[in-house]
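Subject: The structure I promised you

Hi,

Here is the structure we talked about, so you can open it and turn it around while you read. My notes on what turned up follow right below it.

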Amino acid sequence: MNNIKANIAKNIIELRKKNKWTQAELADKLNYSDKAVSKWERAEAVPDIETLHALAELFGVTVDYFLYYGKQVQQEYVVPKIENLFQKLAILFLSCIVITSLALLLFVLAIYQAWPWHEHAWLIFVVATPILCTCVSLFFLFNKVWLGSVISVSLIPVFIFASVYLFLFFIEGKNFWLMWLFLPFVVGAIILLFFMNRKSKRNKKTK
């Protein structure tokens, strides 16, 4: 219990100083007195669970973060933040609009100019799907949101397989259904590589 008290105290001090707040300023944000904050930081008292939750939200970490002390361990309990989130989301949104608009333009041209495969012009939107998925994947990868990266990158080969299969089926009249047998191996390999990469990064941090 004493170790937990000491860890909570050290973490509150570090996070408060990192945000350049005085004890009084932190107390004001939590509707507590500065004396209460002083007791927490001297490990003479421990915040209740509701206060710990409020502290976690205030500092952008999880409640578990306060129970441990050490950068390697604590890194697992930091809530990931994306800097300039709205600007980056705006760029992602505009990229998706551009890709969709180009697909729509090609679709209209294929219909009105009677391209040889105009009856299957809807396939343009199928082909655009993995491109859109790639944009989303790049967004997650650059911002180090690993779960979103795994899901979005794993979906890329699914959409590529679907695009190729539908194109061959409707345009070439060939049913290459056997290609779907390889899809689980491709997706499995991508997920495995992600977890292996994540594990290697963890090992480097702990060394």
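Right after helix H7 comes Lys144, and its phi is positive, near 55°. Keep in mind as you look that this is a predicted model. Most residues other than glycine have a negative phi, so a positive one is worth a glance. Two more turned up. Asn31 has a phi near 60° and sits in the loop between H2 and H3. With a relative accessible area of 71%, which is over the 50% cut-off, Asn31 counts as exposed. Ala114 has a phi near 50°, and you'll find Ala114 in the loop between helix H6 (85-112) and H7. Its relative accessible area is 48%, so Ala114 is partly exposed.

Back to H7 itself, residues 123-142. Does its length make sense? What span should its 20 residues have at 1.5 Å a residue? The expected value is 28 Å, and the end C-alpha atoms are 30 Å apart, which agrees. Several H7 residues are buried, including Leu123, Ile124, Val126, Cys133, Cys135 and Phe139. Pro130 and Ser137 are on that buried list too.

Now zoom out. The protein has nine helices and zero strands, so the run of elements from the N terminus on is simply α-α-α-α-α-α-α-α-α. Of its 207 residues, 29% count as buried. The accessible surface comes to about 14,000 Å², and 66% of that belongs to carbon and sulfur atoms. If you take contacts between residues at least 6 apart in sequence, 53% of them join residues at least 24 apart.

Next, the inside. In soluble globular proteins, nonpolar side chains tend to be buried together. Here the largest nonpolar core has 17 residues, and the members touching the most others are Ile12, Leu26, Trp40, Leu55, Phe59, Val61 and Phe66. Helices H1 (2-18), H2 (23-30), H3 (34-41) and H4 (49-59) each supply at least two residues of this core. Which helix gives the most? That's H4, with four residues. Another core, of ten residues, lies apart from it, and Leu92, Ala103, Ile124 and Ala128 are among its members.

Then there are the aromatic rings. A search of the whole structure finds ten aromatic pairs. Take Tyr65 and Phe66: their ring centres are 6.1 Å apart and their planes are at 80°, so the pair is edge-to-face. Both of these residues are buried. Phe161 and Trp180 also have ring centres 6.1 Å apart, but their planes are at 55°, so this pair is tilted. Phe161 lies in helix H8 (residues 146-172) and Trp180 in the loop between H8 and helix H9 (183-206), so the pair ties together parts that are 19 residues apart in sequence.

Are these two partners buried or exposed? Phe161 has a relative accessible area of 15%, so it is buried, while Trp180, at 31%, is partly exposed. Both belong to a cluster that ring pairs build from Trp122, Phe161, Tyr165, Phe169, Phe170 and Trp180.

One last thing to look up: Lys29 lies over the face of Trp21, at 4.7 Å from the ring centre.

Have fun with it, and write back with any questions!

How values were computed: Residues are numbered from 1 along each chain as its sequence is written. This is a predicted model: local features need pLDDT of at least 70, side-chain atom pairs count only at pLDDT 80 or more; totals for chains, interfaces and linings use all residues. Side-chain values use heavy atoms; hydrogens and water are left out. A nonpolar core is a set of buried Ala, Val, Leu, Ile, Met, Phe, Trp, Tyr and Cys residues joined through side-chain atoms within 4.5 Å. Buried means under 20% relative accessible area, exposed over 50%, partly exposed in between (1.4 Å probe, protein chains only). Rings of Phe, Tyr and Trp (its six-membered ring) pair if their centres lie within 6.5 Å; planes under 30 degrees apart count as stacked, over 60 as edge-to-face and the rest as tilted. A charge sits over a ring if NZ of Lys or CZ of Arg is within 6 Å of the ring centre and within 35 degrees of the ring normal. The expected span of a helix is 1.5 Å times one less than its number of residues. Contact means heavy atoms within 4.5 Å. Accessible areas come from the Shrake-Rupley method with a 1.4 Å probe; for residues, only the protein chains shown count as cover.
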